[in-house]
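Dear colleague,

I am passing on a structure for you to look at, with some notes on what was found in it. Please open it first and keep it beside you as you read.

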2 protein chains.
Amino acid sequence: MAPRKAVNQELTREIIMEAARTLFVTDGYRNVSIRKIAAKLGYSHGSIYYHFQNKAELFYALVERDFSALNQKLDEILAQRNPADVKLQAVLIGFIEFGLTHQNHYEIMFLTKDEEIKSFLNQGPNKSYEKFANALQTLSEKTINVQTTWSVFLMLHGFVAHYCQSGQQFHDVRGLAESYVNIIFTSMLAS
Amino acid sequence: MAPRKAVNQELTREIIMEAARTLFVTDGYRNVSIRKIAAKLGYSHGSIYYHFQNKAELFYALVERDFSALNQKLDEILAQRNPADVKLQAVLIGFIEFGLTHQNHYEIMFLTKDEEIKSFLNQGPNKSYEKFANALQTLSEKTINVQTTWSVFLMLHGFVAHYCQSGQQFHDVRGLAESYVNIIFTSMLAS
DNA sequence: CCTTTAATTGACCAACGTTCAATAAAACTT
DNA sequence: AAGTTTTATTGAACGTTGGTCAATTAAAGG
């Protein structure tokens, strides 16, 4: 009943994700519809479903890369030739910076309640947390226990979650983030 | 074109809110539709809009009471005849308990990005935070500054936000919450 | 040139939030 | 009691969403 597009460019997962990403970054998961993505690319909405099984899979494909980016960021900080305490603070502030410069991504990575999305998350959050926890253990020379490590994560999460919600950018709250991290930092050493 | 319901019971905001609340508590904002609420009450969906201007207003009306409940909870803790440090810990754990026993409410109170909902929030979150901050200031005998107070809030928020997302109940994480609060508590005194 | 496969389309579905003219019940007025 | 006004309810309608799928044709392989 319906023709097929002339072949100037076939759709690929890459092309779709590229279009989806820019919409996603500015508008967030809920305000981006499959139809808008298709319209932006000049295709019908049905074609998206040939490449992705549903909206959740498409957006998880974007977010999967963000887990890699976060993991890589942690690795880079660890690879710096700096004193352990400097690197430790860099890890803490780095996590906040990541969260606030990819707010809509962070939301899906660590904040969504959507069951459909969660079904795609797999081990992404766990793996990133493992990296984070290892970094803390290493840099503190094992002086902090798992309970404290987890608590530090939750504290950072609280900061990111709040400023995600308020919509402020990282550069707006850099100073706050630094003193927040300082409080966490000193309380880590005390334990 | 359409008749009007026989008069066994006229709809009121109260009745609607009551029906909405039970659905809301179990299913969350996004999974509760105006149509489901109306169906549960045996009315047409249009009738809801006579009593509430839209979905956001209806659910904010529910959440408004939760701000009162939270404020009241804080007042009750402050009114206890206990040492200040005991009350201080009760405030911290009380906030977490509140958040995790009203997860879908907490989400709208402190976690939503939905602009329509935010437009109804007004001073609700600020007012509750003021109460919380005052409690901290009073109970710590002014030894903590505003920056620390705000940080303590963000830390608690992180705990609640995470376990809201994971869907666990307060009684499942009571132990964790207590040690988390202890870490915060000792770091407060250190500052 | 013929056949097969792969990709695209758009009609279609169920559900959503929201609006609104039509309606009738209820409350007033006389 | 009759007439009028107000108030609450209805459901059709609109636009939008995520998702499905038979029909179709472009491209690939023979």
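To compare two copies, they are superposed by least squares on the C-alpha atoms of residues with pLDDT of at least 70 in both. Done this way, chain A is superposed on chain B by a rotation of 180° with 0.0 Å of shift along the axis, at an RMSD of 0.1 Å, and that is the relation of a two-fold axis. Within chain A, the residue that comes closest to this axis is G158(A), whose C-alpha lies at 1.6 Å.

Please bear in mind that this is a predicted model, in which local features need pLDDT of at least 70 and side-chain atom pairs count only at pLDDT 80 or more, while totals for chains, interfaces and linings use all residues. Residues are numbered from 1 along each chain as its sequence is written, chains are lettered from A in the order in which they are written, and side-chain values use heavy atoms, leaving out hydrogens and water.

In helix 2 of chain B, residues 34–41 (helices are DSSP runs of H or I, at least four residues, numbered from the N terminus), the residues I34(B), I37(B) and A38(B) are buried, where buried means under 20% relative accessible area and exposed over 50%, with a 1.4 Å probe and protein chains only. Seen down the helix axis, these buried residues fall within an arc of 95° (taken from the directions from the axis to the C-beta atoms), so they line one face of the helix. On the other side, R35(B) and A39(B) are exposed.

Best wishes

Methods: Helices (H or I, at least four residues) and strands (E, at least two) are DSSP runs, numbered from the N terminus.
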